[in-house]
Amino acid sequence: MALTKANNRMIDGAMVNVLDFGAIADGVDTGSAFTGTDNTAAFQAALNAAGSTGSVLYVPAGKYRFAANTTADSSNLTLNNSIHIIEGYGAELLIDDDAGTTYSVLDFIRTSNLDSSTNLDDRELLQINGVTFRGRWSHSNYYPGTNVLTVQNFARIELNDAYDIPAKFSRSRYNGALVVSGFEGKRIASDCIRFVDTPNVEITNINLFEIDDDCIALPVSNEALSDSRSRITISNATIEKCEGILILGARVASLSNIAMRLCQGTQIYVGGRVGTEGLAAPHDLTLSNITITDPLNRADGGSFGSPPT
C-alpha cells in the first residue's frame with residue numbers, strides 16, 4: 001500500500017516523503033533541455049512539513065525537474081525552519097533555467113529572511129545527503145546561472161556525497177560551521193564552494209573540475225567577525241582546470257593531500273587579515289602533500305590561460 005501524507009504524520013519521527021506531497025520523478029534530460037513535471041510546489045510543501053517537526057525529508061531515487069525561476073532576487077525553494085535534513089541518495093534534481101539570459105540573484109535553495117541577521121546560530125542544522133544537482137547552465141560558458149544554495153545563520157551545515165554540482169554551488173554567509181564530505185563540482189562559471197564569514201570549515205574528499213573564479217572561497221568580510229574565524233581544514237582534494245583556493249581571515253588553516261592540475265592564477269592564497277589581502281598571516285598554517293602540476297596564467301575575459309613563460 002502506498003504511503004500517504006496521513007500515514008507519514010501518524011508515525012512519530014518518520015521521514016517525510018516528497019512523493020506524498022505530489023512530487024513526480026519523471027524528469028528527462030534530452031540533451032538540450034529538461035522535461036517532466038515541475039516539482040517546485042511539491043518540494044516546498046514537503047520541506048515545510050519536514051522542517052516544522054525537524055524530520056528528515058526523504059527524496060527517493062529518480063529524476064525530479066524544477067522549472068526555471070526568472071524572478072529577480074528569489075529562489076525556487078525556501079528554508080523556513082531551524083532544522084532541515086534532506087536524504088536523497090540516488091535522487092537527481094534537474095534545475096532548469098533560460099541559459100544565456102541573465103537574471104539578478106537567482107537561487108535554487110535559500111533561507112527565508114535573507115540578510116536580516118549576522119548571527120551564526122539563529123538556525124540549528126542544514127544537512128543534505130546524497131543529492132545530485134544538475135543544471136543546463138553548467139554546460140554554457142560564462143553564464144553564471146542559478147546559485148544552488150544561498151543560506152545563512154545555521155549553526156552547522158553538512159553536505160555529504162553531493163555530486164555534479166552546476167553553477168555556483170553556494171554563495172552563503174554567516175553560518176557557524178560547514179562540513180563537506182564527498183563532493184563533486186564541475187563546469188562552473190563563477191565560484192563553487194563559497195562560504196563567507198563561517199568560522200569553522202572542514203572540507204574533505206572532493207573533486208572540482210573546470211571552475212572559474214575561486215573553486216573554494218572562504219573569506220571573512222565582516223571586521224566584527226574576523227576573530228571568530230577559528231579553523232579551516234581542506235584535505236583529500238583533486239582540483240583540475242580551476243582557479244585556486246582563497247582563504248582570508250583564518251586563525252588556523254590546514255591543507256593536505258591536494259592535487260591541482262592545469263589550474264590558473266594563484267593556486268592557493270591564504271591570508272589572515274580582513275580587508276587588505278595577505279597583510280597578516282594566520283596564527284597557524286600547515287601545508288602538506290600539495291601537488292601542483294602545469295599551472296596556467298590567468299587569461300583575460302575569465303577564460304583559461306596558457307602555461308606561464
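Here are some short exercises, each with a worked solution, on a predicted model of one protein chain.

**Exercise 1. Getting an overview**

Task: Find how many helices and strands the chain has, and what share of its residues is buried.

Solution: Start with the secondary structure, which comes to two helices and 22 strands. Next, turn to burial: of the 309 residues in the chain, 52% are buried. Then look at the surface, where the accessible area is about 12,900 Å². Carbon and sulfur atoms account for 47% of that area. Finally, consider how the chain meets itself. Taking contacts between residues at least 6 apart in sequence, 62% join residues at least 24 apart.

**Exercise 2. Looking for empty space**

Task: Work out how many cavities of 30 Å³ or more the structure has, and which classes of residue line the largest cavity.

Solution: A helpful idea comes before the count. Rolling a probe the size of a water molecule over the atoms shows where empty space is left. Here the count comes to one cavity of 30 Å³ or more. The largest cavity holds about 80 Å³ of space. Now go through the lining residues, which include Phe 43, Leu 47, Leu 57, Val 59 and Leu 77. Further along the chain, Ile 86, Leu 93, Ile 109, Ile 128, Val 131 and Phe 133 also belong to the lining. Sorting the lining by class gives 11 nonpolar residues, with no polar and no charged ones.

**Exercise 3. Checking the cysteines**

Task: Decide how many disulfides the structure holds, and check the cases of Cys 242 and Cys 263.

Solution: The number of disulfides is zero. Cys 242 is in no disulfide, and its nearest cysteine sulfur, that of Cys 215, is 4.9 Å away. For Cys 263, also in no disulfide, the nearest cysteine sulfur is that of Cys 242, at 5.2 Å. The cut-off settles both cases, because a disulfide needs a pair of cysteine sulfur atoms within 2.5 Å. As a last step, check burial: Cys 242 is buried, with a relative accessible area of 0%, and Cys 263 is buried too, at 1%.

**Exercise 4. Placing Asp 294**

Task: Say where Asp 294 lies and which residues beyond its sequence neighbours it contacts.

Solution: Begin with strand E22, which covers 284-293; Asp 294 is in the segment after it. Its relative accessibility is 44%, so Asp 294 counts as partly exposed. Leaving aside neighbours within four places in sequence, Asp 294 is in contact with Leu 262 and Cys 263. Although Asp 294 and Cys 263 are 31 residues apart along the chain, their C-alpha atoms are separated by 7.4 Å.

**Exercise 5. Two residues in strands**

Task: For His 84 and Asn 236, find which strand holds each residue, and whether it is buried or partly exposed.

Solution: Take His 84 first. This residue lies in strand E7, residues 83-87. With 2% relative accessibility, His 84 counts as buried. Apart from residues up to four places away in sequence, His 84 touches Leu 47, Gly 51, Leu 79, Leu 125, Leu 126, Gln 127 and Phe 154.

Now move to Asn 236, found in strand E19, residues 231-248. At 34% relative accessibility, Asn 236 is partly exposed. Again not counting residues up to four places away, Asn 236 touches Thr 204, Asn 205, Ile 206, Ser 256 and Asn 257. For a distance check, use Ser 181: it is 55 residues from Asn 236 in sequence, and 9.8 Å from it in space, C-alpha to C-alpha.

Notes: Residues numbered from 1 in each chain as written. Predicted model: local features only at pLDDT ≥ 70, side-chain atom pairs only at ≥ 80, totals over all residues. Heavy atoms only, no water. Helix = DSSP H or I, 4+ residues; strand = E, 2+ residues; numbered from the N terminus. Buried < 20%, exposed > 50% of the residue type's maximum accessible area, 1.4 Å probe, protein only. Contact = heavy atoms within 4.5 Å. Areas by Shrake-Rupley, 256 points an atom, 1.4 Å probe, with all protein chains shown as cover. 1 Å grid on protein atoms, 1.4 Å probe; cavity = no way out; pocket = protein on both sides within 12 Å on 5 of 7 lines; lining within 4 Å. Points joined across faces, edges and corners; volume = space filled by probe spheres on them. Nonpolar A, V, L, I, M, F, W, Y, C, P; charged D, E, K, R; others polar.
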